[in-house]
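Reader: Could you walk me through this fold, with the definitions spelled out as we go?

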Amino acid sequence: MKVTEHIAQAKDTLISFEILPPLKGKSIESIYDHLDPLMEFKPSYINVTYHRSEHMFKKRADGSFDKVEIRKRPGTVGICAAIMNHYTVDAVPHLICGGFSKEETENALIDLNFLGIDNVLVLRGDAPKNETFFEPHPNGHRYAIDLLQQVAHMNNGIYLEEDLMGGVKTKFCIGVAGYPEKHFEAPNMATDMKYLQRKVEAGADYIVTQMFFDNQKFFDFVAKCREAGIKVPIIPGLKPLTTKKQLTILPRTFHVDMPDDLAVEALKCKTDKDVEQAGTEWLIQQSKELKAAGVPVLHYYTLGKPHVIRKVVEAIR
Ligand code: FAD
């Protein structure tokens with residue numbers, strides 16, 4: 001079932017979880033171990049992130065180097081299929097522009113359609129760790145909106161090689177990312193909002209936000225979206241603070257602010273266990289307020305912390 005159908009049929013705020021494919025060498029059991037403690041909360045769907053390959057240099061016999069792409073994690077399409085079968089829950093694979101050609105994207109979409117997966121979250125992706133700027137694949141997409149248009153075309157039966165599929169229409173429900181504290185590359189909020197609005201005009205069915213720790217930022221963002229004429233559901237993305245180091249790492253990596261009260265509380269803690277406790281309490285309060293405000297879904301980034309997310313969801317049920 002599509003994310004938008006879940007939302008349309010819901011009587012209360014829904015719950016969804018997001019997981020990361022494990023590192024190569026681990027099995028699907030590691031995903032089940034991660035998700036098992038969370039499934040009693042009956043999430044409406046599970047998101048699975050997508051990760052580009054990393055660049056490595058391999059020495060040739062003549063001493064020169066070949067740039068090769070090495071994948072660190074198993075593929076998102078297979079993981080989504082396994083989750084859907086194992087739990088009978090909807091899966092939402094992320095699709096990214098970075099590192100992928102249009103043909104590879106089309107192949108992934110054909111596989112997803114074949115497997116009965118009718119949701120995708122469409123993203124640009126970031127530059128690889130050792131590069132400063134995002135560069136698209138030579139035959140790929142520069143912005144999420146370009147990838148979104150490829151999915152929307154397939155929903156209308158238009159493929160790269162039209163003859164091949166005979167106009168078969170896919171029916172993907174398309175999500176996109178939004179940034180309550182602005183995407184870090186956007187010169188200002190108004191510009192970022194303009195591009196978000198374009199993604200919606202191009203066919204995005206809903207928006208999921210980057211994590212935030214101050215609900216007011218989310219409420220202001222929703223108000224700005226509505227002023228800009230964006231009517232689709234806006235789903236808050238939520239993550240607990242669990243270590244002192246994250247006070248620096250999260251703002252640096254995700255370009256989000258830590259509210260002073262949370263930072264002061266975390267800095268007072270003696271151990272990371274105490275920080276995790278404070279972060280859990282904070283996320284419970286955030287979730288309660290968002291639920292009371294009538295958000296359609298509470299979307300939790302579980303990132304190796306299913307026991308924390310369990311405590312949060314238990315507290316708001
Ligand atoms: P875009 O919408 O393309 O925007 C990127 C930047 O370009 C913004 O500054 C925007 O204002 C600007 N822009 C947009 N369109 C145009 C245009 N037409 N012309 C000029 N400027 C434009 N990354 C992963 O690698 N894998 C994942 O699974 C993943 N999941 C995520 C899930 C969520 C909910 C979120 C919020 C992020 C996720 N990311 C993931 C990170 C994401 O890929 C990065 O934040 C990336 O830097 C931007 O992606 P986007 O889809 O928002 O890009």
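Author: Sure, one term before the tour: two strands pair if DSSP finds at least two bridges between them. Helices (H or I, at least four residues) and strands (E, at least two) are themselves DSSP runs, numbered from the N terminus. Keep in mind that this is a predicted model, where local features need pLDDT of at least 70, side-chain atom pairs count only at pLDDT 80 or more, and totals for chains, interfaces and linings use all residues. Residues are numbered from 1 along each chain as its sequence is written.

Reader: Then which residue in S10 is the bridge partner of leucine 14?

Author: Strand S1 covers residues 14–19 and runs parallel to S10, joined to it by 5 bridges. Within S10, leucine 14 has as its bridge partner valine 297.

Reader: And on the S9 side, what is the bridge partner of glycine 237 in S10?

Author: S9 and S10 also pair in the parallel sense, over 2 bridges. Glycine 237 is bridged there to histidine 299.

Reader: How many residues of S10 are buried?

Author: Buried means that 20 or more other C-beta atoms, placed from the backbone, lie within 10 Å of a residue's own (exposed is 12 or fewer, partly exposed in between). In a regular strand the side chains alternate between the two faces of the sheet. Here both faces are covered, with Val297, His299 and Tyr301 buried on one side and Leu298 and Tyr300 on the other. For S10, residues 297–301, the count of buried residues is 5 of 5.

Reader: What is the strand order of the closed barrel?

Author: The barrel has 8 strands with parallel pairing. Neighbouring strands are turned by 25° against each other on average, direction ignored (axes are lines fitted to C-alpha atoms, for helices over the stretch in contact, and angles run from 0 to 180 degrees between N-to-C directions). The order is S1-S2-S5-S6-S7-S8-S9-S10.

Reader: Which residue in S6 stands opposite histidine 94?

Author: S5 runs parallel to S6, residues 119–123, and 3 bridges join them. Opposite histidine 94 stands leucine 121.

Reader: Which element gives the most to the shell around the ligand?

Author: The ligand is surrounded by 22 residues (near means a C-beta atom, placed from the backbone, within 6 Å), and among the closest are Thr49, His94 and Arg124. Strand S5 (90–96), helix H5 (144–155), helix H7 (189–201) and strand S8 (206–211) each supply at least two residues of that shell. With 3 residues, the top contributor is H7.

Reader: What does proline 240 count as, buried or exposed?

Author: Proline 240 lies in the loop between S9 and helix H9 (246–254). Leaving aside neighbours within four places in sequence, proline 240 is in contact (C-beta atoms, placed from the backbone, within 7 Å) with Gly279, Thr280, Leu283, Lys305, Val308 and Val312. It has 26 C-beta neighbours inside 10 Å, so proline 240 counts as buried.

Reader: Zooming out, what is the radius of gyration of the protein chain?

Author: The protein chain has 12 helices and 10 strands. The globule rule, 2.2 Å times the number of residues to the power 0.38, goes with a radius of gyration taken over C-alpha atoms. For 317 residues the rule gives 20 Å, and the chain's value is close to that, so the chain is as compact as a globular protein of that length, with a radius of gyration of 20 Å.

Methods: Two residues are in contact if their C-beta atoms, placed from the backbone, lie within 7 Å.
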